[in-house]
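Trainee: I am new to this structure and would be grateful for a close look at its charged side-chain pairs, together with the parts that surround them. Please take it slowly and explain each term as it comes up.

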Amino acid sequence: AGVEIGWTKSALKAFLKYANNAQEIETIHRIDSTIGFDIKQLVGMDKTILTENHRALVEEYNNNLEKKRILIKGIIGEVTSKGLRERSKELVSDEDTKKFSKLCNKLIGHVDKDIDKADLEELEEWQKDAYELLELSKRIEEKLSK
């Protein structure tokens, strides 16, 4: 406990900048929880040592991630259930069909990441791709109906 006393905020911020693992970050948090932890640091910490405010931020962050996951899975499910991936192969190849096929492979066919373990940056990339897939699926459906 004696090692945890007497540090200035600037020293703790410097320590935090170079902290390598959750244990080091948690130790700094116990000394001073007000020095500006980012959400990735907070998410990685033991929830029991977080301040009420930090717990709320982590919960909000996790809820946001879950909403993104549900949205992405919904879009993928909608495209999959319509059988557009297979039916699009009936169309003459063009920019839309190529992009659609590429996104289907990325999001449906050859997924190498578990969406439930994806972090915010990965989910934002998946969400961007899913929205693009949704827009393309509307165009593909329109072309198939002709």
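Mentor: A salt bridge is counted where a side-chain nitrogen of Lys or Arg lies within 4 Å of a carboxyl oxygen of Asp or Glu. The model is predicted, so local features need a pLDDT of at least 70 and side-chain atom pairs count only at pLDDT 80 or more, while totals for chains, interfaces and linings use all residues. Residues are numbered from 1 along each chain as its sequence is written, and side-chain values use heavy atoms, with hydrogens and water left out.

The structure holds 17 salt bridges, and we can begin with the one in which the side chains of Glu78 and Lys82 meet, at 3.4 Å from N to O. Glu78 has a relative accessible area of 36% and is therefore partly exposed, a class that lies between buried (under 20%) and exposed (over 50%), with a 1.4 Å probe and protein chains only. Lys82, its partner in this salt bridge, is partly exposed because its relative accessible area is 33%.

The next pair joins Asp94 to Lys143, whose closest N and O atoms are 2.5 Å apart. Asp94 lies in the loop between α5 (84-87) and α6, whereas Lys143 belongs to helix α7, so this salt bridge ties together parts that are 49 residues apart in sequence; helices (H or I, at least four residues) are DSSP runs numbered from the N terminus. Asp94 is partly exposed at a relative accessible area of 26%, and Lys143 is partly exposed as well, at 25%.

Helix α7 appears again in the salt bridge between Asp129 and Lys106, because Asp129 lies in α7 and Lys106 in α6, so that the pair ties together parts 23 residues apart in sequence. Here the closest N and O atoms are 2.7 Å apart. Asp129 is buried, with a relative accessible area of only 3%, whereas Lys106 counts as partly exposed at 44%. Salt bridges that share partners also join Asp94, Asp96, Arg139 and Lys143 into one network.

To see the nonpolar surroundings, turn to Leu123, which is found in helix α7, residues 120-145, and which counts as buried because its relative accessibility is 0%. Leaving aside residues up to four places away in sequence, Leu123 touches Leu65, Lys68, Arg69, Ile72, Ile115 and Ala118, where contact means heavy atoms within 4.5 Å. One of these neighbours, Ile72, is 51 residues from Leu123 in sequence, yet their C-alpha atoms are 8.4 Å apart.

A nonpolar core is a set of buried Ala, Val, Leu, Ile, Met, Phe, Trp, Tyr and Cys residues joined through side-chain atoms within 4.5 Å. The largest such core has 23 residues, and those with the most contacts inside it are Ile72, Val79, Leu84, Phe100, Leu123, Leu133 and Ile140. Helices α4 (52-81), α6 (95-109) and α7 each supply at least two residues of this core, and α7 gives the most, with nine residues. A second, separate core of eleven residues includes Ile28, Phe37, Leu42 and Val58.

For contrast with the buried Leu123, consider Val3, in the segment before α1 (9-17), which is exposed because its relative accessible area is 66%. The C-alpha atoms of Val3 and Ile31 are separated by 9.7 Å, although the two residues are 28 apart along the chain.
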